[in-house]
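Biologist: I am new to this structure and would like to go through it slowly. Could we take it part by part, with the reasoning spelled out each time?

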Amino acid sequence: MNFRLRDYILYPLAIKSHHDFLQKSQYWSSEERRRWTQERLDQILRYAVKNVPYYKRTLSPFEPYFNEMIDNLDLRSLPIITKDIIRKHYKELISEKSSDFRPRMDRTSGSTGTPMQFLLDKKSDINNFAAVWRVLNWTGYKFGKRYASIDTTFEKQTKRLSVYDIKQNCIHLPFVNLNKNNVKEFIKILQKFNPTVIKSYPSALALLCHWIQATGIDYRPKAILTCAEPLLEHQKKTINEILQCPIFDYYGQNERACLVSTCEKGSYHIHEEYSFVELIRKNNQPLISGEQAQIIATTFDNFAMPLIRYQTNDIAVLDHNLSCECGRTYKTIEKVIGRSEDYILTPEGRHVTRMDVPFKYTLGIQEAQIVQKQVDKIEIRIIKSPTFQQKDLDDLLHHLRLRLGQSMEIEFKFINELLVGENGKKKFIISEMSKDAMLINECLTIKD
């Protein structure tokens, strides 16, 4: 989740206009929302089938039925597009008019460290900024006020506990530098800065809360916004008991397919102006509260590279979709289930999460898997893609060092197939460190 005030200066009027629109549309009647959604679906489907080579080929047979699909808000007859399809047909998925929309290339690491690139255009940037701005508004944040970010993916190498960004009026707290011994200093920095909201990965925040509890520090922030990972129930319980402040949660993707966040009442709302979201159970069975469904999304705003029925690979738990006491009229879900993974434990006792991020810079790697058997060594198992170069390995090592430091031994092993777990899934991080991790944590003393 990126929210950078410096990006606002690129399109200030357009961003402000869309933000004002979102402030009103969240309270629309169901009739207003349905009519607006039908108009946007009609626009993006007809644009895609006319201007995007891949969709010309795959969606043209369905064009005579577009009106019926749009009227019923039912796209289930159309084919799904997956991450593998985007990788294989990247150029064919770019609009023939993409240059009109001032696109830029972005990447996501994806599961098992497999990178995927895509285009995002000017309008997508504008609407994403406005949407994230409003998500922050729900936490009590006002534009330009102070906020803090506990960063597990801080790109700049530093040993400092905090880095202030005047352009964002934000204090960045690199989680990679935090451990039990400096947690008191870490909290003093937060207390002095006094942010309106603290943004963090839930796994990092839950670990910080355990250390806060161990040191006996009393800290009560104004609000917490978790993002990038699923907020698990035990994490939420820990954060709530120790920090005793409002907790908000956010779900989204780099490719901007779907946006879900919680309101002040704790309900998970689907932001329906962001994209058209389908919740699909196996075999297209009727939706039942409490059961799981795939999140399939169709983007509204990215005309440089629209995604039609994009399979996010994330799962939502359905609720009864009752109206929320907050007054917003969006569809709701019980929660989003994302991909959970183990920590990498460093010799310094740091717990490093989201190790997939360094792989987004290495398109020459088809798939990867990280195995940790001892505290000072990890093994990176790599399946090369046909475009693999030594530069891919150099870039990967550079970004791994930014996160893990110099004391970790990193061994690369090239293989033909990744290990598969008992459930048939490929786990990105395989940690065999449970016993050693306990010993390390016991040995780390808390300084006064």
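**Sheets, a cavity and a loop**

Modeller: Let us begin with one pair of residues in this predicted model: Val317 stands opposite Lys335 in β15.

Biologist: Which strand is joined to β15 by three bridges, and in which direction do the two run?

Modeller: The pair Val317 and Lys335 gives a place to start, since Lys335 belongs to β15. Three bridges connect β15 with the strand that covers residues 310–317, and the two run antiparallel. The strand asked for is therefore β13, and the direction is antiparallel.

Biologist: Which strands stand at the edges of the open sheet that holds β13?

Modeller: The sheet is made of four strands in the order β11-β12-β13-β15, with antiparallel pairing. A strand at the edge has a single partner strand, so one of its sides is left without a neighbour in the sheet. From one strand to the next, the twist in this sheet averages 40°. The edge strands are β11, residues 275–280, and β15, residues 335–337.

Biologist: There is another open sheet of four strands, in the order β20-β19-β18-β21; what is its pairing?

Modeller: Strands of a sheet can pair either parallel or antiparallel. Here β20 (409–414) and β21 (429–431) are the edge strands, each pairing on one side only, and the twist averages 20° from one strand to the next. Strands β19 and β20 run parallel, while the pairing of the sheet as a whole is mixed.

Biologist: Which residue of β20 is the bridge partner of Glu379?

Modeller: Strand β19 spans residues 377–384, and six bridges join this strand to β20. One of the residues in that span is Glu379. Its bridge partner in β20 is Glu411.

Biologist: Which helix lies across β18, β19 and β20, and at what angle does the helix run to β20?

Modeller: The helix in question covers residues 390–404, and β18, one of the strands it lies across, covers residues 365–374. The helix is α11, and its angle to β20 is about 145°.

Biologist: Turning to the space inside, which element gives the most residues to the lining of the largest cavity?

Modeller: A search of the whole structure finds six cavities of 30 Å³ or more, and the largest holds about 120 Å³ of space. Its lining has 15 residues, with Asn127, Asn128, Glu273, Tyr274 and Asp301 nearest the centre. The elements that give two or more residues to this lining are α2 (12–25) and α7 (122–138). With five residues, the element that gives the most is α7.

Biologist: How many residues in that lining are nonpolar, polar and charged?

Modeller: The lining of the largest cavity consists of 15 residues, and Asp301 is among those nearest its centre. The division is four nonpolar, seven polar and four charged.

Biologist: Is Arg146 buried, partly exposed or exposed?

Modeller: Arg146 is found in the loop between α7 and β3 (147–151). Leaving out residues up to four places away in sequence, Arg146 touches Tyr141, Asn169, Lys192, Phe193, Pro195, Thr196 and Val197. Its relative accessible area is 39%, which lies between the limits of 20% and 50%, so Arg146 counts as partly exposed.

Biologist: What distance separates the C-alpha atoms of Arg146 and Asn194?

Modeller: Along the chain, Arg146 and Asn194 are 48 residues apart. In the model, their C-alpha atoms are separated by 7.6 Å.

Terms used: Residues are numbered from 1 along each chain as its sequence is written. This is a predicted model: local features need pLDDT of at least 70, side-chain atom pairs count only at pLDDT 80 or more; totals for chains, interfaces and linings use all residues. Side-chain values use heavy atoms; hydrogens and water are left out. Two strands pair if DSSP finds at least two bridges between them. Axes are lines fitted to C-alpha atoms, for helices over the stretch in contact, and angles run from 0 to 180 degrees between N-to-C directions. Contact means heavy atoms within 4.5 Å. On a 1 Å grid over the protein atoms alone, a cavity is a set of points where a 1.4 Å probe fits but cannot get out, and a pocket is an open set with protein on both sides within 12 Å along at least five of seven lines; lining residues have an atom within 4 Å of a point. Grid points are joined across faces, edges and corners, and a volume is the space filled by probe spheres set on the points. Ala, Val, Leu, Ile, Met, Phe, Trp, Tyr, Cys and Pro count as nonpolar, Asp, Glu, Lys and Arg as charged, and the others, Gly among them, as polar. Buried means under 20% relative accessible area, exposed over 50%, partly exposed in between (1.4 Å probe, protein chains only).
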